[in-house]
Amino acid sequence: MAGRHVARPVVKLGLGAEEIYGAKGREIKRFPEKKMAFKKVSEELGRPWFEVWSRNMLSQYRESRIGKDVSVSSPLEARSHIALWVGAATWNRLTQPYGEGHENMGFLSWTPLNVPPPFRGSPEPDPDPEALTQKVKQMARFLGANRVGIAKLNRKWIFEETCRNIYSPGEPKTKKIVFREMDAPEETETELVIPDKVRFAVVTIFDLNRVLTRIGSASIDTSVATNIGYSRMGLGDVALAEAIRTLGYTAIPCKNGVGLSIPMAIDAGLGQLGRNGLLITPDFGASVRIGKVLTDMPLIPDKPIDFGVTEFCESCMRCAKTCEVEAISFGEKTCDPPLETGNPGALKWYVNGKACLNYWIESGASCTACQAACPFTQSRYETLPPSAVWETEVSLPFGIEG
Ligand code: SF4
Ligand code: SF4
């Protein structure tokens with residue numbers, strides 16, 4: 001039944017991601033960053049994966065291409081797309097690129113950056129969790145998130161350790177991420193310490209540009225879309241962390257780092273897991289990036305939702321058919337990933353992370369084909385009124401025929 005997704009009512013569930021996707025007799029363990037595809041592929045290449053990616057991007061530009069199969073009229077035209085990508089990546093880079101491997105670095109600091117000293121670590125007495133929940137959600141929206149939800153923090157989603165050389169080959173440089181009874185987060189030579197009192201994640205959704213994500217399966221323009229998403233996430237979530245600290249609480253902005261974003265987003269009621277291994281949201285389908293800020297602020301957690309994604313994915317297969325490197329499974333859900341880059345124990349469709357990343361590298365661009373092809377994303381293209389999202393004002397980029 002691969003076809004249009006028909007919107008269904010959102011059903012609230014009482015379970016967390018661990019109960020929904022956990023399998024009987026199997027344990028989900030904390031995942032170490034050193035097993036991420038970025039690290040594993042860099043090890044196999046013997047050089048940073050991004051170096052090879054960039055080399056391919058540059059050779060395509062000289063041949064007037066902005067992806068393996070996307071031609072433009074001239075090298076100047078191709079260079080203009082690269083220029084847009086460099087611009088789009090600026091705030092992603094300045095707020096610690098993507099976040100993984102960059103915990104507690106620069107703007108992703110776990111301690112206050114610019115909070116007036118009288119407010120640091122001194123919340124108002126008798127906090128009202130309901131009022132604080134409403135306020136933190138409002139602040140997240142004002143600061144740039146399209147959607148926000150609160151998850152009760154499941155420590156299983158926190159990485160077992162960070163990997164400081166995540167994009168490079170060589171022996172992993174790791175630091176354990178641990179929980180301990182502390183007043184404030186701390187980093188030592190060997191550990192990143194999260195205070196025990198940090199019990200919630202404020203999970204933020206940033207939607208991707210609907211025009212750019214559909215230009216080629218992988219093109220510089222799809223990379224522009226993802227980088228704008230990460231740049232907006234960096235600006236929004238770092239600002240949200242500062243706002244939470246000004247209310248007197250601890251805040252740990254993460255981007256992709258610190259822990260697994262998708263199960264936290266599921267716990268926060270923001271979507272379900274798709275066959276393509278991505279979070280499928282009711283409003284934006286799979287075309288999103290997910291941020292999170294961990295905090296000890298007393299909050300009311302949201303509940304996971306069910307709007308029919310799992311049942312639809314059973315027969316849809318559109319993402320699996322779209323993927324040029326067969327990184328997405330056509331088979332049944334399983335608890336055992338095909339590679340160590342997946343975290344075993346959850347009953348789901350695992351994606352072959354290495355095949356996916358190698359396709360990005362070969363294309364000299366990141367791929368969004370499985371997001372764009374998903375009927376839940378497509379229904380968004382068809383149903384949202386033009387004024388509903390900012391990016392509808394953006395016309396097709398220079399040199400591309402619509
Ligand atoms: S799994 Fe990777 S390579 Fe395949 S469609 Fe999705 S992003 Fe592209
Ligand atoms: S994730 Fe894949 S299988 Fe599921 S609805 Fe989207 S395209 Fe279809």
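In the predicted model, Glu191 is located in strand S6, which spans residues 191-195. Because its relative accessibility of 18% falls under the 20% limit, Glu191 counts as buried. The side chain of this residue forms a polar contact, at 3.0 Å, with the side chain of Arg180. Arg180 also appears among the residues in contact with Glu191 once neighbours within four places in sequence are set aside, the others being Lys175, Lys176, Val178 and Glu186.

A second buried position is provided by Ser42, which lies in helix H2 (residues 37-45) and has a relative accessible area of 0%. When residues up to four places away in sequence are not counted, Ser42 touches Ala37, Arg47, Pro48 and Trp49, together with Tyr167, Ser168 and Pro169. With regard to Pro169, the two C-alpha atoms are separated by 5.0 Å, although Ser42 and Pro169 stand 127 residues apart along the chain. Tyr167 is also linked to Ser42 through polar atoms, since its backbone oxygen lies 3.2 Å from a polar atom of the Ser42 side chain.

The surroundings of the two ligands were examined next. Around ligand 1 are found Cys323, Val325, Ala327, Ile328, Cys356, Tyr359, Trp360, Cys367, Ala369 and Cys370. Helix H10 (353-363) and helix H11 (369-372) are the elements that contribute two or more residues to this shell, and the largest share, three residues, comes from H10. In terms of residue character, the shell around ligand 1 comprises ten nonpolar residues, with no polar and no charged ones.

For ligand 2, the surrounding residues are Arg275, Asn276, Phe312, Cys313, Cys316, Met317, Arg318, Cys319, Cys374, Pro375 and Phe376. Two or more residues of this shell are supplied by each of helix H8 (309-316), helix H9 (318-322) and helix H12 (375-383), and H8 gives the most, with three residues. The shell around ligand 2 divides into eight nonpolar residues, one polar residue and two charged residues. The space that ligand 2 takes up is, moreover, the largest cavity of the model.

Taken together, the ligand shells can be described by their helices and by their residue character. H10 provides three residues to the shell around ligand 1, and H8 provides three to the shell around ligand 2; charged residues are absent from the shell around ligand 1, whereas two are present in the shell around ligand 2.

Key. Residues are numbered from 1 along each chain as its sequence is written. Chains are lettered from A and ligands numbered from 1 in the order in which they are written. This is a predicted model: local features need pLDDT of at least 70, side-chain atom pairs count only at pLDDT 80 or more; totals for chains, interfaces and linings use all residues. Side-chain values use heavy atoms; hydrogens and water are left out. A residue is near a molecule or strand if one of its heavy atoms lies within 4 Å of it. On a 1 Å grid over the protein atoms alone, a cavity is a set of points where a 1.4 Å probe fits but cannot get out, and a pocket is an open set with protein on both sides within 12 Å along at least five of seven lines; lining residues have an atom within 4 Å of a point. A molecule sits in a cavity or pocket if more than half of its atoms lie within 2 Å of its grid points. Helices (H or I, at least four residues) and strands (E, at least two) are DSSP runs, numbered from the N terminus. Ala, Val, Leu, Ile, Met, Phe, Trp, Tyr, Cys and Pro count as nonpolar, Asp, Glu, Lys and Arg as charged, and the others, Gly among them, as polar. Buried means under 20% relative accessible area, exposed over 50%, partly exposed in between (1.4 Å probe, protein chains only). A polar contact is a pair of N or O atoms within 3.5 Å; within protein, one must be able to donate a hydrogen and the other to accept it, and residues adjacent in sequence count only if both atoms are side-chain atoms. Contact means heavy atoms within 4.5 Å.
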